[in-house]
Amino acid sequence: MWMFDWAGWVIEVMALAFVGVIGIVALLALVLFVIDRSQTSDAIRRNYPVIGRFRHIFTELGEFFRQYFFAMDREELPFNRAQRDWVKRATSGEGNTVAFGSTRNLSVVGTPLFVNAAFPPLDNQFASSEPLVIGAAARQPYEAKSFFNLSGMSYGAISRPAVTALSRGAKDAGIWMNTGEGGLSPYHLAGGADIVFQIGTAKYGVRNKDGSLNDDKLREVAAHPQVKMFELKLAQGAKPGKGGILPGAKVSAEIAVIRGIDEGQDSISPNRHIEVSNSSELLDLIVHIREVTGKPVGIKTVFGSDAPFRELFDLVLQRDEAPDFITLDGGEGGTGAAPLPLMDLVGVTIKEALPEVANLLREYGLKDRIRLIASGKLMVPGDVAWALAAGADFVTSARGFMFSLGCIQAMKCNKNTCPTGITTHDPRFQQGLVPEDKYKKVARYAKSIVKEVELIAHSVGVPEPRQMRREHVRLVQDTGKSVPMDVLYPVKDAG
């Protein structure tokens, strides 16, 4: 009999609990109804109380459902699933062969198609990519081992474990690592990689309190044997022509020391270097930094038109002084958070800009003096090979290396909620990024790029990638027909 009493008691409790839950839900709905009907900022919620909230929920979840369930392999932006999967396979050491044909739409305008050679070199005629010297005229020239390297990402913009893993991975792969404009942190140095120190408009790490350049701090940075070059950033693809503000809430004691700013205070980056208002002053600053550091100095910029480049190159010939390299970023936007109009609409894409600037260097007879580095969404072998054929001496990537760390393109880089621990300083998320594991993936990614670009080079009939030329690439046109790149962008030599 007691079993029936116990069962009855359980059923009664469950019934009461159910009624209680229904009551709570009804009360919550009533409260939300009153709130939604009373508020004036959202018309949908005011006209459709409670149920109007689902629109916001579905809008927020939409990008995730599209990414995992609805978008095809080649549809997503800025990087599609096929590109991300290539990086994932490369970082894991898996084979990167695919079956049953390409899933890429080869009729899209601008698609590069490489011209296979009738008689490619035999296996014993292949050559590995040779090192290339940058800044031969500097007191300490830099012999760069790899044509593919790590672009600028600041400590602060990305996390401590991310920087540590990138540093160790870069050392293992034999590539350089760019600090980004946030200064030189201990984590950049931790892995022993070659370092390119980027000097942004705020001069973080080498600044006086007023934001001007501090030569003593510059010498101190240059004294690190790992620091091989200095890059003066004029513009980046994410926000050409715009400075920025580092909120005081992000300026921890550690960040303050590394960047040379006050802890807890907002820090302003001007939209250009305050001492540079023309090409002559730009050359003055380049020469000054090279003289103080003894190391190669170049610039990072975005192409808008050829006029500023012609003005600079005319001056180079007049004064016999030049930047040691130019890093050309595409207007497609990069890892940095930026206003949408600048990211979408300002600056020319790397696909158009790179052949133009390479031609200008040839026209002025400066190709061997000023090395050309291409940056901007170049993260898979085909894009890197295209850039080398178009005229680049080196290619750098930031987002490719973010994917090698485990980035899932959650589009949360400008928030402190990156689920993979790359662009967050929340310890909860950072614990998921283990440098001891991730650095190996970083190195595998870089090595895989080099290996497969060499594979493309061999298939077009040259022994190593820098010997690829524009005639080795055809670009698909709106007619559906492809045209050789050297026809679309004829090479212009000095004369």
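This passage describes a small sheet, a nonpolar patch and one serine in a predicted model. Local features were taken at pLDDT of at least 70 and side-chain atom pairs at pLDDT 80 or more, while totals for chains, interfaces and linings use all residues. Residues are numbered from 1 along each chain as its sequence is written, and side-chain values use heavy atoms, leaving out hydrogens and water.

We can begin with the open sheet, whose three strands are ordered β1-β14-β15 with antiparallel pairing; strands are DSSP runs of E of at least two residues, helices are runs of H or I of at least four, both numbered from the N terminus, and pairing requires at least two DSSP bridges. Its edge strands, β1 (112–114) and β15 (482–484), each pair on one side only. Three bridges join β1 to β14 (residues 473–476), and proline 112 stands opposite leucine 475 in β14. Helix α13 (residues 381–390) lies across β1 and β14, at about 80 degrees to β1 (axes are lines fitted to C-alpha atoms, for helices over the stretch in contact, with angles from 0 to 180 degrees between N-to-C directions).

Turning to individual residues, phenylalanine 33 is found in helix α1 (residues 2–38) and counts as partly exposed because its relative accessibility is 36%. Serine 151, in the loop between β4 (148–150) and α5 (160–173), counts as buried, at 7%. Here buried means under 20% relative accessible area, exposed over 50%, and partly exposed in between (1.4 Å probe, protein chains only). Beyond neighbours within four places in sequence, serine 151 contacts Asn178, Lys300, Ser375, Thr396, Ser397 and Ala398, contact being heavy atoms within 4.5 Å. Phe33 also helps make a nonpolar surface patch of about 530 Å², with Leu27, Leu30, Val31, Val34 and Ile35; patch residues have over 30% relative accessible area and no salt bridge, with like charges joined within 9 Å and nonpolar side chains (Val, Leu, Ile, Met, Phe, Trp, Tyr) within 5 Å. Areas come from the Shrake-Rupley method with a 1.4 Å probe, and for residues only the protein chains shown count as cover; a salt bridge is a side-chain nitrogen of Lys or Arg within 4 Å of a carboxyl oxygen of Asp or Glu.
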